[in-house]
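Biologist: Can we go through this one together? I'd like to know what stands behind each label.

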Amino acid sequence: FFFQAEDGIRDAQESRGLGDVYKRQEYMGIKRSQKGRRRMISADKRARMAEKQQAAEAYSKQISDISRMTHWYEGKLKADKRNTLLLSHKTANIELQKALEELKIRRRSQLKELYDTEAERFKQELAARGLSILKDRL
């Protein structure tokens, strides 16, 4: 028993000769029947097959266009979201820096008031004891 090779690929079935290979092949416009005779595919059938092929290609192109548009739109949404987040982070950082500067100014003014109040209290305490501070030496 021999196996017939088709383009270097062996069939799992035993071959009865080259006829089996050719019986399974369909040519453009010619198809072999089960009895091995050629029969012509009608022009109407060929036209229907061509119309189906054209419709399938048009549908494939339409799906491809939709896929491309969807991919672009998703990329745009991601970029817009990233830009919005970056802008909000920048805005938040600027606001935090300004709040920190304002806090530093308030702390400095409060510390100055505290030092002035404490200096005045010490001056009054020294004056009550009969001691004084020479301001011109400071």
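Biologist: Where is the place of Tyr-73?

Modeller: Tyr-73 is in helix H2, which covers residues 43-128. Keep in mind that this is a predicted model.

Biologist: Why is Tyr-73 called partly exposed?

Modeller: Its relative accessible area is 46%. Partly exposed runs between the 20% limit for buried and the 50% limit for exposed, so 46% puts Tyr-73 in that class.

Biologist: And what makes the nonpolar surface patch with Tyr-73?

Modeller: Met-69, Trp-72, Tyr-73 and Leu-77 make it, and the patch comes to about 470 Å². A patch residue needs over 30% relative accessible area, and Tyr-73 has 46%.

Biologist: How do you know that Asp-65 forms a salt bridge with Lys-61?

Modeller: Their closest N and O atoms are 3.1 Å apart. The cut-off is 4 Å, so the pair qualifies. Side chains of opposite charge can pair when their charged atoms come close. It also helps to look at the spacing: Asp-65 and Lys-61 are 4 residues apart in helix H2, so about one helical turn separates them.

Biologist: Are those two buried or exposed, and why?

Modeller: They get separate labels. Lys-61 has 52% relative accessibility; exposed means over 50%, so Lys-61 is exposed. Asp-65 has 29%, which lies between 20% and 50%, so Asp-65 is partly exposed.

Biologist: What makes Asp-80 and Lys-76 a salt bridge?

Modeller: The N to O distance is 2.9 Å, and that is within 4 Å, so the label holds. Here too the partners are 4 residues apart in helix H2, about one helical turn. Asp-80 is partly exposed at 34%, and Lys-76 is partly exposed at 38%.

Biologist: Which residue does Lys-112 meet in a salt bridge?

Modeller: Asp-116, at 3.3 Å from N to O. With the limit at 4 Å, that passes, so it is called a salt bridge. Lys-112 and Asp-116 are 4 residues apart in helix H2, about one helical turn. Asp-116 is partly exposed, at 42%. As for networks, salt bridges with shared partners join Lys-61, Asp-65 and Arg-68 into one.

Biologist: How many salt bridges does the rule give?

Modeller: The count is 6.

Biologist: How do you know that the charged end of Arg-121 sits over the ring of Phe-122?

Modeller: The charged end is 5.3 Å from the ring centre, and the distance limit is 6 Å. There is an angle condition as well, within 35 degrees of the ring normal; the contact is listed as sitting over the ring. Aromatic pairs are another matter: a search of the whole structure finds 0.

Biologist: What span does H2 reach, and what is expected?

Modeller: H2 has 86 residues and spans 126 Å from its first C-alpha to its last, close to the 128 Å expected at 1.5 Å a residue. After H2 comes Gly-130, with a positive phi near 90 degrees.

Biologist: Which elements does the protein have, and in what run?

Modeller: It has 2 helices and 5 strands. Starting from the N terminus, they go β-β-α-β-β-β-α.

Biologist: What part of the protein is made up of buried residues?

Modeller: Just 3% of the 138 residues. Buried means under 20% relative accessible area, so at 46% Tyr-73 is not among them.

Terms used: Residues are numbered from 1 along each chain as its sequence is written. This is a predicted model: local features need pLDDT of at least 70, side-chain atom pairs count only at pLDDT 80 or more; totals for chains, interfaces and linings use all residues. Side-chain values use heavy atoms; hydrogens and water are left out. Patches are made of residues with over 30% relative accessible area and no salt bridge: like charges are joined within 9 Å, nonpolar side chains (Val, Leu, Ile, Met, Phe, Trp, Tyr) within 5 Å. Accessible areas come from the Shrake-Rupley method with a 1.4 Å probe; for residues, only the protein chains shown count as cover. A salt bridge is a side-chain nitrogen of Lys or Arg within 4 Å of a carboxyl oxygen of Asp or Glu. Buried means under 20% relative accessible area, exposed over 50%, partly exposed in between (1.4 Å probe, protein chains only). Rings of Phe, Tyr and Trp (its six-membered ring) pair if their centres lie within 6.5 Å; planes under 30 degrees apart count as stacked, over 60 as edge-to-face and the rest as tilted. The expected span of a helix is 1.5 Å times one less than its number of residues.
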